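Student: I would like a close look at a single part of this structure. Please take one helix and describe what surrounds it.

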Amino acid sequence: MINFSKNEKIDCEFLIIGSGASGSVASKYLVDQGKDVLMIEEGEGEIASKNNSFSKSFLNAWRNSGITPIISKSNFAFGEGMCLGGGTTINGGLVWRTPELILRRWNKSLDTNKFSVNNLSKYFNEIENNLGLDTKHNTNIDENKESLKLLEISEKKSLKVVRIPKSINASEIDNKLILGRSSNSKNTILEKYINYSKKKGLRVITNCKAQKLFTENEKIKSIEVIIDNKKKTIVAKNIILACGATQTPMLLKNSFGNNYLDSQMQNHINFRIGVKFSNPMQNESETMFTRQVQEYLEDGILIMPTSFNKSNFFSSLAKMNNDELSLIENDISKFSSFIIQLQSLNKIKINNYLNRAILSYEINKLDLIKLKKYCSIFCNLLFEFGAEIIYLPFKKNFKITKKDNLDDIFKKNLNAKNLEMVSVHGMSSAKMGLKNEKYTVFNLNGRSFDFKNLFCIDSSILPSSTIESPQGTIMAVASQILEENFN
Ligand SMILES: Cc1cc2nc3c(=O)[nH]c(=O)nc-3n(C[C@H](O)[C@H](O)[C@H](O)COP(=O)(O)OP(=O)(O)OC[C@H]3O[C@@H](n4cnc5c(N)ncnc54)[C@H](O)[C@@H]3O)c2cc1C
């Protein structure tokens, strides 16, 4: 552990700001090359290696002690990690390769071929290897029933349902991985990247926030950081931004003014659907969910189960009265939850107000139309395959049964003011691009156009959102940027 003593200034060759999906990749890449690397992390350091309760994880591992509200007509909240390991400490451990259609769009819009499947595959291979990705399923262990339900629907209705690639250890033998909680059941970034790098000389300072970058002669001269409410200075030859999709824009704005970049964050929105089936759905001996509906990927829509646990489920039912809640509790084993995930057309605006990120968003009308379509398709399928009651992500009129006219329900109730939604995938808020494009501050190799020793490798640099969960893409693009600049 490094301490800044009074007035001490720390020097390093490489400073990585942020220890999440991207920062951890940078630490391994650079120490493997024998570089002198310092990583700073705003959040706590000890959280990632422990199996923490949900509420403890909220307090210690999430930014703003849980969920960051988004100003919107809908009930909308954003979630991100703030601890050693960043989002990877609390996420679901799903590590996808970038869908090909996204890579095609990136190449076309940026007039490049660097994002071809071929070019990226060596990075994905390495990441999957390091994380011990579970691609083979242990057939001795039951899959969870929500996943089997999707499989049954897929077989009978010819829908494309695929197996989910996960960086999971223990969830093949127990069902303890609760999304949102730090836990030992993932092959965490902490172990495979950060602790690995520490053994090879990486220095790490936690509870240390980079506040402002200072420049001289088109370079970042020094970095002001806050530790224990005191300002300190770091001097680095190269600065790598890995603060994530809300905080990289915030650091740039704090350093160079609010107009420096147009910090609008692309995102995926989750609509959570609670379902009561006629048969029991929960069983302690099953795995975490394993399947995903990819039939509608081209339309930016994915459908999958989400990890189920009683308190987690109840948190989404706060609008219900006590009688209804106890009915649910009595029959809890028959409940399950799924999410419809949408690649949002509109972006979340990141406004800098006195150094705090204030987020605002309105859902696009075309997304509402899309959502009506896929809610209707999926709810009809659920009723056909054994659902008795469905709880929709609505503020009002959220409980439906088979007898209801779904088209009518969605027409009347699925509108911006009545929606409840969450996003945990922010991206592309300081995206790479071509020189002289308005507000583009990083080139296609992640290097700043304005400051020669400044690089960005995190989710904010991605050219767009990814439809699939982004961790794999973030890590692969970060690896590519690192190799392009520091090989
Ligand atoms: C509950 C949840 C579930 C998810 N599930 C999945 C999943 O299953 N699969 C998937 O692919 N993705 C998932 N994600 C998303 C994924 O975790 C993120 O997209 C990814 O971690 C982002 O990587 P990053 O490097 O850009 O930033 P992060 O991982 O967010 O890391 C940024 C780090 O930088 C630190 N930081 C920020 N500002 C500063 C500063 N000024 N100074 C010092 N440190 C700073 C932060 O505290 C944070 O620890 C999930 C996210 C959440 C929240």
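Tutor: What follows is a description of helix H1 and then of the parts it meets. The model is a predicted one.

Helix H1 runs over residues 21–32. At 1.5 Å a residue, its 12 residues should span 16 Å, and the C-alpha atoms at its two ends are 17 Å apart, which agrees. Just after H1, Gly34 has a positive phi of about 75 degrees.

Is H1 covered or open? H1 is mostly covered, with 11 of its 12 residues buried. The buried residues begin with Ala21, Ser22, Gly23 and Ser24, go on through Val25, Ala26, Ser27 and Lys28, and end with Tyr29, Leu30 and Val31. A residue is called buried here if 20 or more other C-beta atoms lie within 10 Å of its own. For contrast, take Phe58, which lies in helix H2 (residues 54–61). Phe58 has 18 other C-beta atoms within 10 Å, so Phe58 is partly exposed. Leaving aside neighbours within four places in sequence, Phe58 is in contact with Ser65 and Gly66.

Back to H1. Its buried residues pack against three strands, S1 (9–17), S2 (37–40) and S9 (230–241), and against the helices H6 (189–199) and H12.

One of the buried residues of H1, Ala26, also belongs to the largest nonpolar core, which has 131 residues. Ala26 is listed among those with the most contacts inside this core, together with Leu15, Ile17, Ile239, Ile240 and Ile457. Helix H12 (residues 471–486) gives the most to the core, with 7 residues. The core draws at least three residues from each of domain 1 (9–62 + 80–138 + 182–260 + 428–486) and domain 2 (265–423). As for Ile17, not counting residues up to four places away in sequence, this residue touches Ile40, Ala210, Ile239, Ile240, Leu241, Ala242 and Cys243.

H1 also has a place beside the ligand. Of the 43 residues around the ligand, Gly18, Gly20, Gly86, Gly87 and Gln471 come nearest. H1 is one of the elements that give two or more residues to this shell; the others are strands S4 (75–81), S7 (209–216) and S18 (420–427), and helices H7 (247–256) and H12. By kind, the residues of the shell divide into 16 nonpolar, 22 polar and 5 charged.

To sum up, H1 is mostly covered, has Ala26 among the residues with the most contacts in the largest nonpolar core, and gives two or more residues to the shell around the ligand.

Note on methods: Residues numbered from 1 in each chain as written. Predicted model: local features only at pLDDT ≥ 70, side-chain atom pairs only at ≥ 80, totals over all residues. Core = buried A, V, L, I, M, F, W, Y, C linked by C-beta atoms within 7 Å. Helix = DSSP H or I, 4+ residues; strand = E, 2+ residues; numbered from the N terminus. Domains from an automatic or database assignment. Contact = placed C-beta atoms within 7 Å. Near = placed C-beta within 6 Å. Nonpolar A, V, L, I, M, F, W, Y, C, P; charged D, E, K, R; others polar. Expected span 1.5 Å × (residues − 1).
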